[in-house]
Amino acid sequence: MKLLIALMFAAVTASLLPPCKQAEQQREAATANTAAARAQEVLIKFKPGALADSVQAFTAALGLEQVRDLPAIGVRVYRLPAGQSLDQVLEKCRAHPQVEYAEPNLEYRIPEKP
C-alpha cells in the first residue's frame with residue numbers, strides 16, 4: 001500500500017513539474033524584457049536632511065532627469081541620459097554620502113495563465 005501511495009505521489013509530482021518549469025521560463029523572459037525596457041531609470045532615496053541644493057547638483061552632474069517623485073516612500077525616479085551605463089550611475093549614487101539607496105527601476109509582472 002505504501003508503495004502504491006509513493007508511486008502515485010511521484011506521478012502527480014512529475015506531472016506538475018513541466019508547467020512549473022514553463023511558467024518559470026516565461027517569468028524570466030518577461031522579467032528580461034521588462035528589465036530592458038526600464039533599464040534607463042533609477043530609483044534614488046536620499047538620506048533625511050539631504051540638502052535640496054546638494055541633491056540637485058549631484059543629479060545634474062550625473063545628467064539625471066527627474067521623472068517623478070514618490071513622496072509616500074521618499075523616493076525619486078530619474079531617467080538616465082543617453083549613453084550612460086546604469087551600473088556606473090548606480091555605483092556613483094551608492095557611493096554618495098547623502099544617498100540612502102539607489103536601485104534600477106524594474107517592473108515585475110505575474111505571467112498570465114497559458
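These exercises work through the helices, core and salt bridges of a predicted model.

Residues are numbered from 1 along each chain as its sequence is written. The model is predicted, so local features need pLDDT of at least 70, side-chain atom pairs count only at pLDDT 80 or more, and totals for chains, interfaces and linings use all residues, while side-chain values use heavy atoms, with hydrogens and water left out.

**Exercise 1. The layout**

Task: State how many helices and strands the protein has, and give their order.

Solution:
- Step 1. Assign the elements. Helices (H or I, at least four residues) and strands (E, at least two) are DSSP runs, numbered from the N terminus.
- Step 2. Count them. There are three helices and four strands.
- Step 3. Read the order. From the N terminus on, the elements run α-β-α-β-β-α-β.
- Step 4. Look at contacts, meaning heavy atoms within 4.5 Å. Among contacts between residues at least 6 apart in sequence, 67% join residues at least 24 apart.
- Step 5. Add burial. Buried means under 20% relative accessible area, exposed over 50%, partly exposed in between (1.4 Å probe, protein chains only). Of the 114 residues in the protein, 22% are buried.

**Exercise 2. The two sides of H3**

Task: Find which residues of helix H3 are buried, and which elements they pack against.

Solution:
- Step 1. List the buried residues. In H3 (residues 86–95) they are Leu86, Val89, Leu90 and Cys93.
- Step 2. Check their directions. The arc is that of the directions from the helix axis to the C-beta atoms. The buried residues of H3 fall within an arc of 100 degrees, so they line one face of the helix.
- Step 3. Recall the helix geometry. An α-helix has 3.6 residues a turn, so residues three or four places apart point the same way.
- Step 4. Turn to the face away from the buried side. Asp87, Glu91 and Ala95 are exposed there.
- Step 5. Name the partners. The buried residues of H3 pack against S1, helix H2 (52–62) and strand S4 (99–104).

**Exercise 3. The two sides of H2**

Task: Do the same for helix H2: which residues are buried, and what do they pack against?

Solution:
- Step 1. List the buried residues. H2 has Val55, Phe58, Thr59 and Leu62.
- Step 2. Check the arc. These residues cover only 90 degrees around the axis, which puts them on the same side of H2.
- Step 3. Cross to the other side. Asp53, Gln56 and Ala61 are exposed there.
- Step 4. Name the partners. The buried residues of H2 pack against S1, strand S3 (75–79), H3 and S4.
- Step 5. Zoom in on Thr59. Thr59 has 3% relative accessibility and counts as buried. Leaving aside neighbours within four places in sequence, Thr59 is in contact with Phe46, Leu64 and Tyr78.
- Step 6. Look past the end of the helix. Gly63 follows H2 and has a positive phi, near 80 degrees.

**Exercise 4. The nonpolar core**

Task: Identify the residues of the largest nonpolar core that touch the most other members.

Solution:
- Step 1. Define the set. A nonpolar core is a set of buried Ala, Val, Leu, Ile, Met, Phe, Trp, Tyr and Cys residues joined through side-chain atoms within 4.5 Å.
- Step 2. Pick the hubs. The largest core has 15 residues, and Val42, Ile44, Phe46, Leu64, Tyr78 and Cys93 touch the most other members.
- Step 3. Trace the sources. S1, H2, H3 and S4 each supply at least two residues of this core. The largest share, four residues, comes from H3.
- Step 4. Follow one hub outward. Beyond neighbours within four places in sequence, the contacts of Tyr78 include Val42, Ile44, Phe46, Val55, Thr59 and Leu64.

**Exercise 5. The salt bridges**

Task: Count the salt bridges, then describe the pair formed by Arg68 and Glu41.

Solution:
- Step 1. Apply the cut-off. A salt bridge is a side-chain nitrogen of Lys or Arg within 4 Å of a carboxyl oxygen of Asp or Glu.
- Step 2. Count. The whole structure has four salt bridges.
- Step 3. Take the pair. Arg68 and Glu41 meet at 4.0 Å, N to O. Arg68 lies in strand S2 (residues 65–70) and Glu41 in strand S1 (residues 41–46), so the pair ties together parts that are 27 residues apart in sequence.
- Step 4. Compare exposure. Arg68 is partly exposed at 33% relative accessible area. Glu41 is buried at 11%.
- Step 5. Add two further pairs. Arg94 and Glu103 have their closest N and O atoms 3.3 Å apart. For Glu107 and Arg109 the value is 2.5 Å.
- Step 6. Check exposure in the last pair. Glu107 is partly exposed at 24%, and Arg109 is exposed at 57%.
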